[in-house]
Amino acid sequence: MTEPAASWRTRIAHQRPQWPKRELGVVVDRLATAPALVAPRECDALTERLAGVAEGRAFLVQGGDCAERLGEIPAVRGKLRLLREMARIIAYAVRVPVVPVGRMAGQYAKPRSRPTETVAGRTLPAYRGDAVNGTGCGPGDRRPDPARLHRIYEASRATRGVMRTYAPEVYASHEGLLLDYEEALTRTDEQGRRYASSGHLLWIGDRTRQLDGAHVAWFATVANPIAVKLGPATTPEQALALIDRLDPDRRPGRLTFVVRLGARRVRDLLPELVAKVTASGAPVSWVCDPMHGNTFAAPTGHKTRRLADIMAETAAFVEVHRALGTQVGGLHVEMTGENVTECVGGGVGFADLPRRYESACDPRLNRGQALELATALADLLKQGVRDATD
């Protein structure tokens, strides 16, 4: 990597919590000597599989919690089971291997659009995930607590144990939001290459992809496969600049673009983005995140998403790529194996939302909704396979 390892420290780290420095230093030092959660050879294996995604020889299915919660390790098996079910449905349609990647074993932090939120009529610091603070309203609950970083490391380690025994072929991914945590868990292999040992694949969120920011600078130093979320404000020029910064050697499988444009804007914004990146020759994978551009407030006050909008954005994503002759690389969703009522559709109405709304951040698809989406996507992809072989 050409980026100096410490260069991110001189840049603005957007969404960085206001950690108490002394306590943070103690925890970071402890994490710096902790066992790695993933091995470099596993990360390299995923890079090779993602190279197949970019070339149309494989398909990525990535999913899991919006934000994992401490103490919810028993629910991991249900999420893994659902992820594998979705992968099987899609694999049957595309007739190529499916690469299953979980949003798990590290997805404990979330960027927020506002620094505060209103809970029961009180204005409080925003909940930023269990890696940072709590959801309670009492004294100190919303204070950034560095001790939580070690707790989420231990929880991630336990989740990796479940993944190895229950679903060894599923890779671990999360948003690399907390750079103090990520740097503390960075390890160097015998060839001198730096790897994020917190997960196989890490991504940069749409709120932290600034070209001159700390996140892009840090991600440029690690050899893992990485992804970037691209929202509706992304220009083709910004996407090309991100490629230059994060994948200067144009290594197949290194870089994935996860597009989150919204059902009503994807047909307008995606074609130019894909066309210009494709014309550059960069071997990126294109993945659809149909969740984050389709969030709204329900009449009940709950943050929700319509399954119909999620399916519409997915369909539009496929149709744009088909028209351009480019590869549909994968699907990235927030879902759970539990029978929650957080997104409307698939038998869940607005009145049902309070019944089992369990997410601390964004609404997730339940098992039935996720399988309905996977089946609809499989039908779309199957048509493309038939067209290609006619």
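The following paragraphs go through a predicted model, taking strands and helices before single residues and empty spaces.

We begin with strand β10, which covers residues 255-259. Of its 5 residues, 5 are buried, so β10 is largely enclosed by the rest of the structure. The side chains point in two directions: Leu-255, Phe-257 and Val-259 go one way from β10, while Thr-256 and Val-258 go the other way. All of these residues are buried, whichever way they point.

Which strands pair with β10? One of them is strand β9, residues 226-230, which pairs with β10 in the parallel sense over 5 bridges. Within this pairing, Ile-226 has Leu-255 of β10 as its bridge partner. Strand β11, residues 285-288, also runs parallel to β10 and is joined to it by 4 bridges. Here the bridge partner of Thr-256 is Ser-285 in β11.

Helices connect these strands along the chain. β9, helix α7 (residues 236-246) and β10 form a right-handed β-α-β unit. Another right-handed β-α-β unit consists of β10, helix α8 (residues 266-280) and β11. Strand β10 therefore belongs to both units, and it is a strand in which 5 of the 5 residues are buried.

Helix α7 can be looked at in the same way, by asking where its buried residues sit. They are Pro-236, Ala-239, Leu-242, Ile-243 and Leu-246. These residues cover an arc of only 120° around the axis, which puts them on the same side of α7. The elements that cover them include β8 (201-204), α6 (214-219), β9, β10 and α8.

The loop between α7 and β10 contains Arg-250. With a relative accessible area of 29%, Arg-250 is partly exposed, because a residue counts as buried under 20% and as exposed over 50%. The backbone of Arg-250 has a phi near 55°, a positive value in a residue that is not glycine. Most residues other than glycine have a negative phi. Gln-15 is another non-glycine residue with a positive phi, of about 70°. Gln-15 is found in the segment before α1 (21-32).

Next comes strand β2, residues 98-103, where 6 of the 6 residues are buried. Val-98, Pro-100 and Gly-102 lie on one side of β2, and Val-99, Val-101 and Arg-103 lie on the other, so that both faces are covered. Strand β1, residues 59-64, runs parallel to β2 and is joined to it by 6 bridges. In this pairing Phe-59 stands opposite Val-98. The helix of the unit here is α3, residues 76-94, which together with β1 and β2 makes a right-handed β-α-β unit. Strand β2 also pairs with β5 in the parallel sense, over 3 bridges. Gly-102 has Ala-172 of β5 as its bridge partner.

Two single residues show opposite surroundings. Is Ala-126 buried or exposed? Its relative accessibility is 3%, and Ala-126 counts as buried. This residue lies in the loop between β4 (122-125) and α4 (147-166). Apart from its neighbours within four places in sequence, Ala-126 is in contact with Arg-112, Arg-114, Pro-115, Thr-116, Glu-117, Asn-133 and Arg-142. Arg-114 is 12 residues from Ala-126 in sequence, and their C-alpha atoms are 7.2 Å apart in space. Glu-48, by contrast, is exposed, with a relative accessible area of 60%. Glu-48 lies in helix α2 (residues 40-54). Its C-alpha atom is separated by 18 Å from that of Gln-191, which is 143 residues away along the chain.

Finally, there are the spaces within the model. The largest pocket holds about 480 Å³ of space. It is lined by 23 residues, and those closest to its centre are Pro-111, Ser-113, Arg-207, Lys-303 and Asp-362. β3 (116-119) and β13 (303-305) each supply at least two residues of this lining. The structure also holds 3 cavities of 30 Å³ or more. About 70 Å³ of space lies in the largest cavity. Residues lining the largest cavity include Gly-106, Tyr-108, Ile-152, His-174 and Leu-178. β5 (171-175) and α5 (179-184) each contribute at least two residues to the lining of the largest cavity. β5 was met earlier, as a strand that pairs with β2.

How values were computed. Residues are numbered from 1 along each chain as its sequence is written. This is a predicted model: local features need pLDDT of at least 70, side-chain atom pairs count only at pLDDT 80 or more; totals for chains, interfaces and linings use all residues. Side-chain values use heavy atoms; hydrogens and water are left out. Buried means under 20% relative accessible area, exposed over 50%, partly exposed in between (1.4 Å probe, protein chains only). Two strands pair if DSSP finds at least two bridges between them. A crossover is right-handed if, with the strands pointing away from the viewer, the path from the first strand over the helix to the second runs clockwise. The arc is that of the directions from the helix axis to the C-beta atoms. Contact means heavy atoms within 4.5 Å. On a 1 Å grid over the protein atoms alone, a cavity is a set of points where a 1.4 Å probe fits but cannot get out, and a pocket is an open set with protein on both sides within 12 Å along at least five of seven lines; lining residues have an atom within 4 Å of a point. Grid points are joined across faces, edges and corners, and a volume is the space filled by probe spheres set on the points.
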